[in-house]
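Welcome! Here is a short guided tour of one protein model, with a pocket to visit and some helices to follow.

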Amino acid sequence: MSADRRKPSEDNMTKNINVVLMGCGGVGKQLIQHIINSRSLHSKLGLHLRVVGVCDSTSFLVLPHVSDSKSEFNDSLLLEICRVKSSGLSLSTISNARSGECQIFTKKESTDKILDTAKLLGRSTGLAFIDCSASSETIGILTKVVDFGCCAVLANKKPLTSSLEDYEKLFSHPRRIRHESTVGAGLPVIASINRILTSGDPIHRVIGSLSGTLGYVMSEVEGGKPLSEVVRAAKGLGYTEPDPRDDLGGMDVARKALILARLLGWRINLDSIKVESLYPDEMDPDKMSVEDFLSSGLPSLDDDIRKRFGVASSNGNVLRYVCSIEGSSCQVGIKELPKDSPLGRLKGSDNVLEVYSRCYNELPLVIQGAGAGNDTTAAGVLADILDLQDLFP
Ligand SMILES: NC(=O)C1=CN([C@@H]2O[C@H](COP(=O)(O)OP(=O)(O)OC[C@H]3O[C@@H](n4cnc5c(N)ncnc54)[C@H](OP(=O)(O)O)[C@@H]3O)[C@@H](O)[C@H]2O)C=CC1
Ligand SMILES: N[C@@H](CC=O)C(=O)O
C-alpha cells in the first residue's frame, strides 16, 4: 500500500470530510496536530478528515488527483508541513522532496487552482475551506467557493468584517459556514447566541472582554509588569495577532464586536464602531515596522500605562478593555471597573461575555474561559469542521 493510501477509506461506513487548509501558522499547525491526534476518536465516530490541500501566503500545495478519494495528505506529510512552517520556510520547499504526493502552485497560480479544486469537489464529495490565515485575501476565494457548494470554517475574522455585500455572500448558504473561533477562540459564543436568537428570544445587550491579549496585558500590568514586556510575552504565548497592534489598537476586538453585532442583525460596518487605541497614531503600521514597534515604540508607552493603572487602583478599581453592544451603540475601549465585578475579576487570557435577552434579563447568560491561544482556537475550528459532517455524503 502506498504512503498516501489510508486504511479508513477501505471501510465503507467511514465518511470523509474533505478539507483545504488556508493558513499554516500558529493556529493552522495546531489544527493539523489536533486532526492527527484525533484520528482514532474520529474513526470511532465513523469520520475521517481528509486533507486535500494546504496553502500559506505564497503557495498552494494540493493532491495531484483530488478526485481520487483514496489519496490524501497522509500524516507524515502533514507533520512535515508543520515542521517546514515552524522553521519559517515556505510550503514550496516541500514539493521537491515529495513530488509524487503533492503538486505545488505559486501565489499567482493558486487562486485558479483553488477554485478548480472547489468546483471539482464542492458539489460531489463536498469540500470545506478552513481559513486559519489572518489575511483579507481569502475573502474573494471564500465568497466564490460557497457558490460551488463548498463549506467554510473560519478562525480569520477579516472575511466576516469587510463589506456587508461580502458578508451576505458568505452567508448565502448559512448552513455551510461556521466561525465559532472568530469570537472567544474555542468558547461557545456564536453557537449560544444563535440558539438564543433562533428560539425567538431577542438579545438587547452584549458586554464583555473579548481579547485574550488585552485581558492578559491588563492583568499582568496590574501586577506591576511593564506593558512592553507583557505584550512580547503575549505574542510568544500565541495570543496576539501577527501584528500585535491589531490587538493594542482595538481593531481585533472591534472585528469581534462587528461579528456579534451582525449576528444580532445589525447592518453596520467596522467604521460604525467607536474604537479606543492603546498606542498613538505615529506608531501606526504604515509608519513603523512590527519589530520597531516592539523594540522601541512599546517601551515608550510603559510609563503612561503604569500611571493610568495607578489612578484606577487608587480608586479601588481596575482597567479592562470592554466591548459593548447595546441600544444603537457598538463600542470598544478601556473602562475603569470595580475589582470585584465580573469583568474586574477576569485574569490572564480569559474572555467573558454577558448576554442579556428576554429570558436572560436581570441575570445575563455568562460565557467565560480561555479566549486566546493556538490550542483552544484550533480545537474550536476542529469542532466546527465536525459540525459540518451532515453536509458530506
Ligand atoms: N491565536 C489566537 O488565539 C486566535 C487566533 N484567531 C485567528 O486565527 C488566525 C490565524 O492566527 P495565527 O495562526 O496566530 O496567525 P499566523 O500569523 O501564525 O499564521 C497565519 C498563516 O496564514 C498564512 N497566510 C497569510 N496570507 C495568506 C493567504 N492569502 N492565503 C493563505 N494563507 C495565508 C500565513 O502564511 P506564511 O506562513 O507564508 O506567512 C501563515 O501561515 C487569525 O486570523 C487570528 O485572528 C482567532 C482566535 C484566536
Ligand atoms: N489576538 C486575539 C486572538 C483571538 O482572537 C486575542 O488576543 O483575543
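## The second largest pocket

Let us begin with empty space: the second largest pocket holds about 490 Å³ of it. Please keep in mind that this is a predicted model. Lining the pocket are 18 residues, and those closest to its centre are P174, I177, R178, I190 and N194.

Which elements give two or more residues to this lining? They are β7 (177–178), α7 (189–198) and α14. By class, the lining of the second largest pocket is made up of eight nonpolar, five polar and five charged residues.

## Helix α1 against helix α14

Helix α14, which spans residues 374–387, packs against helix α1, residues 26–37. Their axes lie 8 Å apart, at an angle of about 60 degrees, and the two helices are therefore oblique to each other. The crossing of this pair is right-handed.

If you would like to find the contact yourself, look in α1 for G26, V27, Q30, L31, H34 and I35. Their partners in α14 are N374, D375, T377, A378, A379, V381, L382 and I385. Sorted by class, the residues of this contact are eight nonpolar, five polar and one charged.

## Helix α1 against helix α3

Helix α1 also crosses helix α3 (residues 75–86), with axes that come within 10 Å at roughly 155 degrees. An angle over 145 degrees counts as roughly antiparallel, so that is how α1 and α3 are arranged. Here α1 passes α3 in a left-handed crossing.

From α1, the residues K29, I32, Q33 and I36 take part. They meet D75, L78, L79, I81, C82, K85 and S86 of α3. This contact of α1 with α3 divides into six nonpolar, two polar and three charged residues.

## Helix α8 against helix α9

The last stop is a pair formed by helix α8 (residues 212–222) and helix α9 (residues 227–236). How do their axes cross? They come within 9 Å and cross at roughly 140 degrees, which makes α8 oblique to α9. The crossing of α8 past α9 is right-handed.

On the α8 side, the contact involves T213, Y216, V217, E220 and V221. On the α9 side, you will find L227, V230, V231, A233 and A234. The classes here are eight nonpolar residues, one polar and one charged.

## Looking back

Two elements are worth tracing again. Helix α14 gives two or more residues to the lining of the second largest pocket and also packs with α1. Helix α1, in turn, is oblique to α14 and roughly antiparallel to α3.

Key. Residues numbered from 1 in each chain as written. Chains lettered and ligands numbered in written order. Predicted model: local features only at pLDDT ≥ 70, side-chain atom pairs only at ≥ 80, totals over all residues. Heavy atoms only, no water. Axes fitted to C-alpha atoms, helices over the stretch in contact; angles between N-to-C directions. Helix = DSSP H or I, 4+ residues; strand = E, 2+ residues; numbered from the N terminus. Parallel < 35°, antiparallel > 145°, perpendicular 65-115°, else oblique. Left-handed = near helix turned anticlockwise from the far one by under 90°. Contact = heavy atoms within 4.5 Å. Nonpolar A, V, L, I, M, F, W, Y, C, P; charged D, E, K, R; others polar. 1 Å grid on protein atoms, 1.4 Å probe; cavity = no way out; pocket = protein on both sides within 12 Å on 5 of 7 lines; lining within 4 Å. Points joined across faces, edges and corners; volume = space filled by probe spheres on them.
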